[in-house]
Amino acid sequence: MRKLNPGLLMSIPTLLFLFFWFFFPFLYNIYASMHYWTLYRPDIQFIGAENFIEVLTSIDFRNAAFASFFYTIICFAVELPLGLGIAVLLSREFKGVGIARVIVAIPILMIPIGTSIMWKLLTMPKLGLLQYFSEVLGFGVIDFYGNFWLASLLILLIDAWQWTPFFAIVLLAALVSLPREPYEAAKVDGASPFMVFTKITLPSIQPVMVIVSILRVLDLLKLADPIFVVTKGGSGTETLSAYIWRVAFKPLDIGYGGAVAVLYWILMFVLANILVRRFKSVIQ
Amino acid sequence: METSLKIRRDLSEKNVGRRSFLKVAGATAGGLIVGGVAGYLLNPGEKVWTTVTETTTKTVTGTATVSPTAVPWEQYFPRADRIMKDWELKWTGWDPTEYITTTDWVRSIDWGKVKSKYSGQTVTMACEGVDISAPQTFQPGFQGISGATLQLFGIPPETLHEKLMAEFTAGTGRYDTAELFGAWAQAYFPYMIDIRPFAQTYGVDLKDIHPAFRMMNTGPNGELLGVVEDADLHSFILRKNLLDKAGLKIPDTWDEVLEACEVLKPIGEKEGWYPWITYYSAKGFLTFWYWGTIAVQFKDVTYTRLDSWEPNFVGDEEGGVRALEIHKKLLSYSPPGSINNTYELGREQWLAGLGAMATSHQCWPRQSYDPELSKISPLNTDNIIEIRPYPRGTTRHAPENITTTYLGIPKTSKNQELAFLWSVYMNSQESSALMGCHGTGVESGFVSVISNPKVWKGQPAYKNIWETAWTAATETFVYLPEAYAIEEAAGAEIYRYLDGSEPSAKKALQNAEEAVRKILDKAGYLKTGIKPPPWTVEDWCKEHNEVNPKP
């Protein structure tokens, strides 16, 4: 009698977990997306690809996709260099560096909704602290909620405030684990700090940078908390996650919402594949 | 460079032993436990229900009616001195030990029987987070009178509907009673019990609830899906002192409102306030509601045609277009960012004194007087708060009572009768009068309360509500389970005009009609040829053979 592979046996709980928490809901979602199905009504109706066509022709979906990519790009473009700069600073030894590292890490520990609410309170017209300083400095009341660009600036501030430390901490760990020999050799050769940074440090931490960047990009594509709190999806800031909440969970239209979710997943899957393949050599 | 090398060396040379790790982990866990216990012990806990002395029982036999079997429980009856703050009693001039309503079903129930049956049991309630102070106010009294324990769960209003629907459709039975928005009542219908049998058992007269606030909660066969907890109509509120200073009379029409805003704007810029506060306008159903309250003041807008479900937002004389233009103009007179206002933000702006005029539910006017909540309270400033009927378009309706909230009892409730008793305790005539006058944000819907001049002193907006409720109108969509989806879809289209992505108000409304038409068509309403139910209180009363109470 053939012996059962012990490795396979030990994997069964994980496989079951994956099946019930991922594969089955995913397949069920595809099934739902091909039906007219709201939880208000007991009957469901097969409609094929109608939901998908409606999603792809919906201006709201296109706007939400644009907003998702827009915030991903601007947040990433700010958080990565800023996080790297903070990591370089924190890799030096100075008095209080230990406390500085803890303080830098605090924003990551806060719940995202709480962070967003905090920033909303700071920017409330006439009532928020930032608005007070804005008026004192002569800029008047700033419309952070009703104007797309200013609302986007606020969303960028919220996200960067909370997640730049994520880059900083991961890159700091990479920096402190670098071997010392190349630096000693560079010192002997008389290389400038800029050359050392660009020719030794950056290439050495590149794999870590790529990995943390991919993780952060995929995370940014799911951006939702600041949108819910600051604008409720208004002023053109509605991202795909906020859009799904509005069209799936609010009206309980799991058919249409399911179609949006499937398309969203395809988008993320394709992007993740592109990124991993593009940077495969770097990661390896 | 050298510094980073030093750090790396130091780290590699450190030995983190098992013992030291356990010490640190133990210390951290201990700290968390101590902190958690301290936080729990320092929690102020429940409000203590004021106990009464022997002398107060004398007032029981005064003008208010109290059943003899109820006398031992009198100490738990909602009464002014047990609910109201000192400044409220001073302001109203009431005798705090007298009841302000002459009939109250709490005073007629045999609580002795109730306590013997339900003592020790638990009843749960899901409520809107912003209004949680209302049930909290009555929680100690109910627990005392019934012997049961009441557990409250507050949920943010923007997510209340979907959270409750998730619970109901999953059949979790988590809540014995839940606060349900009347506008979406039809979605809840299949999951709720009809409370009429319990009402009959306990002698609860539900007809005292004004028809304007019963329209949405009544089923096709007269079933009633819950006691009304929060009966809202909008009023027009203003700080008359600011208008007087500008030499303005109180506007009566929307055009006059806009003219007044234009005059007030430069004054407000100097003094740090705005002509208008937009109650709510955030993308989705809030946009639709706000536009709708203005649109129904134009007689050609009826949400749907009266003889079919065909959407009617534009109006034959483009009244809906005018309303949307007014909505956008009002935003320009409001604090920046008001386009995305929700109830809480709008309220904070009003109570902080950022606006001269607004339309809102009757909670704002009452809260304006509260010196603890409001910077514009006439009790400690020179402000004069006026409450008037809604500005007129080509007609005047009391705006639709779309935010009537009632306390429904799910079929999955483990304790339906106890849940019913809680719902009537919290929402009796006296309870609701006190709630309205106490500024909890939750308002009475009883004819006997809103028409009571004594109560007007504590809630000045009730006079206006009593005078206008008989003219109220409601969206016809509230009779459909898809109401929420319809409001969200229409609101999203209307919002496009407000944020400028659609330049034409008429096009935005036409797009909204199209979005709603799609939903109605998919659900089969456009094929059936059935007329929508009546949308005005007057017509509803005619159809149900009821009197429409008027002043």
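**View 1. B:L324 and the residues around it.** In this predicted model, B:L324 touches B:W291, B:I494, B:Y497, B:A505, B:A508 and B:L509, once its neighbours within four places in sequence are left aside. Two of those partners, B:I494 and B:L509, turn up again in the next view, along with B:L324 itself, among the core residues that touch the most other members.

**View 2. The largest nonpolar core.** Here we've got a core of 201 residues. The members that touch the most others are A:V260, B:Y188, B:L324, B:W422, B:A483, B:I494 and B:L509. Helix α21(B) gives the largest share, with 11 residues. Why does this core lie between domain 1 and domain 2 of chain B? Both domains give residues to it, so that's where it sits. There's also another core, apart from this one, made of 13 residues and including A:L90, A:L172, A:A174 and A:I205.

**View 3. Where the two domains of chain B meet.** The domain assignment splits chain B into domain 1 (65–232 + 402–471) and domain 2 (234–401 + 478–533). Their C-alpha centres are 28 Å apart. Domain 1 puts 33 residues into the contact, and domain 2 puts in 29. On the domain 1 side, the elements giving two or more residues are α4 (86–92), α7, α8 (185–188) and α20 (461–468) of chain B. Look to α20(B) for the largest share of that side, 5 residues. By class, the domain 1 side comes out as 18 nonpolar, 12 polar and 3 charged residues.

**View 4. Chain B against chain A.** Each chain chips in here: 34 residues from chain B and 34 residues from chain A. Which elements of chain B give two or more residues to its side of the contact? They're α1 (2–13), α7 (157–170) and α21 (483–498). The largest share, 6 residues, comes from α1(B). Sorted by class, the chain B side has 16 nonpolar, 9 polar and 9 charged residues.

**View 5. Stepping back to chain B as a whole.** Chain B carries 24 helices and 11 strands. Its C-alpha trace spans about 85 × 80 × 55 Å along the principal axes. For 551 residues, a compact globule would have a radius of gyration near 24 Å, and chain B agrees with that at 26 Å. Buried residues account for 53% of the chain. Take the contacts between residues at least 6 apart in sequence, and 76% of them join residues at least 24 apart.

How values were computed
Residues are numbered from 1 along each chain as its sequence is written. Chains are lettered from A and ligands numbered from 1 in the order in which they are written. This is a predicted model: local features need pLDDT of at least 70, side-chain atom pairs count only at pLDDT 80 or more; totals for chains, interfaces and linings use all residues. Two residues are in contact if their C-beta atoms, placed from the backbone, lie within 7 Å. Helices (H or I, at least four residues) and strands (E, at least two) are DSSP runs, numbered from the N terminus. Ala, Val, Leu, Ile, Met, Phe, Trp, Tyr, Cys and Pro count as nonpolar, Asp, Glu, Lys and Arg as charged, and the others, Gly among them, as polar. A nonpolar core is a set of buried Ala, Val, Leu, Ile, Met, Phe, Trp, Tyr and Cys residues joined through C-beta atoms within 7 Å. A residue is buried if 20 or more other C-beta atoms lie within 10 Å of its own, exposed if 12 or fewer, and partly exposed in between; C-beta atoms are placed from the backbone. Domain bounds come from an automatic or database domain assignment. The radius of gyration is taken over C-alpha atoms; the globule rule is 2.2 Å times the number of residues to the power 0.38.
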